[in-house]
Each structure stands twice: as structure tokens, then as C-alpha cells.
Amino acid sequence: SLTDSDPVVRYWAATWLGNLRAIECRDGLKIATHDAVPTVRVALHLALCSMGDADTSLPALIELVDDPNLLVGLYAMNAVEQTGILNASVATGAEKGLASPYDGTQRYGRRLKKKCEEIVRVSRNE
């Protein structure tokens with residue numbers, strides 16, 4: 001449940017609802033995005049992106065890249081990549097990832113930056 005006292009349960013509830021694309025739970029997911037645990041917020045925003053709410057949830061994921069807990073930044077970059085979205089916001093997120101002191105987050109940054117550059121290059125050649 002998204003309101004369980006255990007953050008692990010909240011994380012997996014958000015992940016499962018996102019995988020199911022349970023649109024009927026969208027409002028509950030949005031309310032839960034104020035969770036105190038950043039990894040739970042990553043799962044919530046990724047779930048919302050999968051339901052078409054990337055306008056607000058993708059920037060929230062990118063903001064989490066700078067979390068003081070370096071693993072949260074890594075999870076946020078992983079979630080950004082999982083959305084499959086390649087746009088200017090993701091390019092900004094890639095730059096944040098590159099600036100991270102954590103090498104795993106930097107790797108996501110490099111990969112996403114390259115993907116964004118490929119999209120721009122292809123669109124210019126069309």
C-alpha cells in the first residue's frame with residue numbers, strides 16, 4: 001500500500017502500480033509523491049511517467065539526481081532512462097548525472113547524453 005508505514009512496501013506498491021499502468025491509482029500516486037523517502041519518490045515518479053504524467057514527474061526525477069544520497073541519484077538516473085523519453089529535460093538530467101561524484105550516475109549521464117545527441121543529429125538530417 002502507498003500509505004504503509006514501511007517504505008519498502010510503499011516503494012514496491014508504486015513500482016507495481018507503474019508496471020500495471022494502473023491509471024485508476026494516479027491520484028493516489030500523485031498524493032504520495034510527497035513521501036519522506038527519496039527512493040520511494042523515485043518509484044512514484046517513474047510510475048506516473050509510465051501513466052503519461054511525465055510533464056511533472058520527469059522534472060521531479062531529474063531533481064532527485066542531486067540528492068545527497070548518491071544512490072538515490074543513481075536510481076533517479078535509472079528511472080529517467082526507463083521512461084524512454086529523450087528531450088531537453090533529459091539532456092539536462094544527463095548533465096546533472098555527469099556532474100555527480102558517483103561513477104554509476106556519471107555512466108547514466110554519458111549514455112543519456114549520447115542518446116539525446118543522436119536524436120538531435122537524426123532530426124537535423126531529416
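This passage walks through how helix α4 packs, what sits in the loop after it, and which charged side chains pair up. The model is predicted, and residue numbers count from 1 along the chain.

Helix α4 is a good place to start. Ala54, Ser57, Leu58, Ala60, Leu61, Ile62 and Leu64 are its buried residues. Some of these sit three or four places apart in the list, and a general rule about helices helps in reading it. An α-helix has 3.6 residues a turn, so residues three or four places apart point the same way. As for what the buried residues of α4 pack against, the partners are α3 (38-50), α5 and α6 (88-99).

Take the α3 partner to begin with. The axes of α3 and α4 come within 8 Å, and they cross at roughly 150°. Angles over 145 degrees count as roughly antiparallel, which is why α3 is described as roughly antiparallel to α4. The crossing of this pair is left-handed. On the α3 side, the residues that meet α4 are Pro38, Arg41, Val42, His45, Leu46, Leu48 and Cys49. On the α4 side, they are Ala54, Ser57, Leu58, Ala60, Leu61 and Leu64.

Now for the α6 partner. Here the axes of α4 and α6 come within 9 Å and cross at roughly 10°. Angles under 35 degrees count as roughly parallel, so α4 runs roughly parallel to α6. Leu58, Ile62 and Glu63 of α4 make this contact, together with Ser89, Val90, Gly93 and Lys96 of α6. Leu58 turns up again here, having already been listed among the α4 residues that meet α3.

Next comes the loop between α4 and α5, where Val65 is found. Val65 has a relative accessibility of 6%, so it counts as buried. Setting aside neighbours within four places in sequence, Val65 is in contact with Gly73, Ala76, Met77, Lys96, Gly97 and Thr105. One of these, Lys96, also belongs to the α6 side of the α4 contact. Another pairing to look up in the structure is Val65 with Asn78: they are 13 residues apart along the chain, and their C-alpha atoms are separated by 9.7 Å.

Asp67 lies in that loop too, between α4 (54-64) and α5 (70-83). Asp67 is buried but has no salt bridge. Arg41 is the nearest side chain of opposite charge, and it is 4.5 Å away. A salt bridge needs the nitrogen within 4 Å of the oxygen, so a gap of 4.5 Å does not make the cut. Arg41 still counts as a contact of Asp67, along with Pro38 and Val72, once neighbours within four places in sequence are left aside. Pro38 and Arg41 are familiar from α3, where they are among the residues that meet α4. A little further on, Leu71 is in helix α5. Leu71 has 38% relative accessibility, so it counts as partly exposed. Leu71 and Tyr102 are 31 residues apart in sequence, with 8.2 Å from C-alpha to C-alpha.

That leaves the charged pairs. Side chains of opposite charge can pair when their charged atoms come close. The structure holds eight salt bridges. One of them joins Arg10 and Asp35, with 2.6 Å from N to O. This pair links distant parts of the chain, as Arg10 is in helix α1 (residues 7-20) and Asp35 is in the loop between α2 (26-32) and α3, 25 residues apart. Arg10 is buried, with a relative accessible area of 10%, and Asp35 is buried as well, at 11%.

A further salt bridge brings together Asp53 and Lys30, at 3.7 Å from N to O. Asp53 sits in the loop between α3 and α4 and Lys30 in helix α2, 23 residues apart, and this pair links distant parts of the chain. Asp53 is buried at 12% relative accessibility, whereas Lys30 is partly exposed at 37%. Both residues also belong to a network of salt bridges with Arg26.

Finally, Lys113 and Glu95 form a salt bridge at 3.4 Å from N to O. Lys113 lies in helix α7 (residues 103-125) and Glu95 in helix α6, so the bridge ties together parts that are 18 residues apart in sequence. Lys113 is partly exposed at 29% relative accessibility, and Glu95 is partly exposed at 41%.

How values were computed:
This is a predicted model: local features need pLDDT of at least 70, side-chain atom pairs count only at pLDDT 80 or more; totals for chains, interfaces and linings use all residues. Side-chain values use heavy atoms; hydrogens and water are left out. Helices (H or I, at least four residues) and strands (E, at least two) are DSSP runs, numbered from the N terminus. Buried means under 20% relative accessible area, exposed over 50%, partly exposed in between (1.4 Å probe, protein chains only). Lys and Arg count as positive and Asp and Glu as negative; His and the chain ends are not counted. Contact means heavy atoms within 4.5 Å. Axes are lines fitted to C-alpha atoms, for helices over the stretch in contact, and angles run from 0 to 180 degrees between N-to-C directions. Angles under 35 degrees count as roughly parallel, over 145 as roughly antiparallel, 65 to 115 as roughly perpendicular and the rest as oblique. A crossing is left-handed if the near helix is turned anticlockwise from the far one by less than a right angle, and right-handed if clockwise.
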